[in-house]
Amino acid sequence: MGIEMNTDAVVLVGGKGTRLRPLTLSAPKPMLPTAGQPFLSHLLARIAESGITHVVLSTSFKAEVFEEYFGDGSKLGLEIEYVFEEEPLGTGGGIRNVLPKLRGENVMVFNGDVLTGSDLSALLDTHTEKEADVTLHLVRVGDPRAYGSVPTDAEGRVTAFLEKTQDPPTDQINAGCYVFRREVIEEIPANRAVSVEREVFPALLARDARVYGYVDTTYWRDMGTPEDFVRGSADLVRGIAPSPLLEGERGESLVHPGAGIAPGALLIGGTVVGRGAEIGAGARLDGAVVFEGAVVEAGAVVERSILGFGSRIGPRALVRDAVIGDGADVGARCELLRGARVWPGVTLPDGGVRFSTDV
Ligand code: GTP
């Protein structure tokens, strides 16, 4: 029996996704459309590809959306079960809470918002070879301060776990995917909120448990912020980020067959246009993520921004590094720049928000 058959996958999808608001007011972060599919579909396809067949989704916020979409998982060649937390139990509590559903000796836990091409079989092999209690996928990043910094010794054994510190000792960070020996999960306190990063890993190190790191140089991005979501989506469209769902379809843009693109509209930089969206003549979209039913009027410019379901960008408006909520209406010639977030249903009148003094 391959080790994958003795391994359950658990995907943590119960977070509120506050950093991606207002888009996450209506949809949980792992279900946001990403290169034409809910983000989680890409991850589940990777899991299926690895040979793991049993997946438990650890849900809380907007839990029903997952089951409605994925059902029993058979369409993906998986068996998916759901465990719901009335009160969010945190990343560690979410893992502990699914224990009754686990069948195998090993449990591979995934954050539901990480885009990566890591080799899951190689991670499992490291876990087995090292006879580890826990094996963490680690990646090297340019600025590790926003993540959990995880130094390892010459054998790959983890020596410390420092969550979001100003002065990280290494550029190796926690990539949000771990293999646990099942018994280790039994040690996590039940029925209360527990953070795997702040509580479980430090406690394991304190009792000298065998915690190892598996480092690779594959593509990796945490999709938790608008900036990263936009980058990750564009990377998927352009073939920079891997996904088993997108083989052979990569290019400068990805347009749903049911979207309307007027002549002279320019779609570049990994732009994705969802079903029923309409892009007007001469509009320029560079790295834009256009959800279903959104409208970009003639001559508007949208760069590195997310346009929520059914939102509208008026003629000659400029939207750059911004997030437009579902059903929001941005008037003609408005200018929304870096960090702007327009809440769902809000209407900005024509010319109502400007960064320049031209009339
Ligand atoms: P922010 O509010 O923007 O930080 O997003 P988040 O709520 O998703 O938190 P974070 O990105 O730190 O979460 C990492 C992963 O764990 C995501 O896939 C979340 O869905 C998941 N997660 C976070 N908190 C919980 C929880 O309390 N229960 C469960 N089951 N999953 C959680």
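**Cores, buried sites and backbone oddities in a predicted model**

Asn106 sits in strand S6, where strands (E, at least two residues) and helices (H or I, at least four) are DSSP runs numbered from the N terminus. This is a predicted model, in which local features need pLDDT of at least 70, side-chain atom pairs count only at pLDDT 80 or more, and totals for chains, interfaces and linings use all residues. Residues are numbered from 1 along each chain as its sequence is written, and side-chain values use heavy atoms, with hydrogens and water left out.

Back to Asn106: its relative accessible area is 6%, so it is buried. The cut-offs here are under 20% for buried, over 50% for exposed and partly exposed in between, with a 1.4 Å probe and protein chains only. Setting aside neighbours within four places in sequence, Asn106 is in contact (heavy atoms within 4.5 Å) with Ile3, Asn6, Thr7, Asp8, Leu124, His127, Val179 and Phe180.

Zooming out, the chain has seven helices and 30 strands. Its radius of gyration is 21 Å, which agrees with the value near 21 Å for a compact globule of 359 residues; that radius is taken over C-alpha atoms, and the globule rule is 2.2 Å times the number of residues to the power 0.38. The C-alpha trace spans about 65 × 45 × 40 Å along its principal axes. Buried residues make up 54% of the 359. Among contacts with a separation of 6 or more, 51% come from residues 24 or more positions apart. About 14,900 Å² is exposed by the chain, with carbon and sulfur atoms supplying 49% of it; areas come from the Shrake-Rupley method with a 1.4 Å probe, and for residues only the protein chains shown count as cover.

Now for the interior. In soluble globular proteins, nonpolar side chains tend to be buried together. A nonpolar core here is a set of buried Ala, Val, Leu, Ile, Met, Phe, Trp, Tyr and Cys residues joined through side-chain atoms within 4.5 Å. The largest one has 28 residues, and Val134, Leu136, Phe180 and Phe201 have the most contacts inside it. At least two residues each come from strands S1 (7-12), S6 (106-111), S8 (134-140) and S11 (172-181), and from helices H5 (182-186) and H6 (196-206). H6 gives the largest share, four residues. Apart from this core lies another, of 27 residues, with Ala265, Leu285, Ala300 and Val342 among them.

Phe161 lies in the loop between strands S9 (148-149) and S10 (162-163), and at 11% relative accessible area it counts as buried. Not counting residues up to four places away, Phe161 touches Leu136, Ser149, Val150, Asn174, Glu197, Phe201 and Leu205. Ser233, in helix H7 (residues 226-238), is also buried, at 0% relative accessibility. With the four-place exclusion again applied, its contacts are Thr34, Ala35, Met223, Gly270, Val272 and Val289.

A few backbone quirks round things off. Arg21 and Pro22 are joined by a cis peptide bond with omega of about 10°, and Pro22 is in the loop between S1 and strand S2 (33-34). Arg316, not a glycine, nonetheless has a positive phi of about 60°; this residue is in the loop between strands S24 (312-313) and S25 (318-320) and is exposed, at 57% relative accessible area. Arg333 also has a positive phi, near 65°. Its loop runs between strands S27 (329-330) and S28 (335-336), and Arg333 is partly exposed, at 29%.
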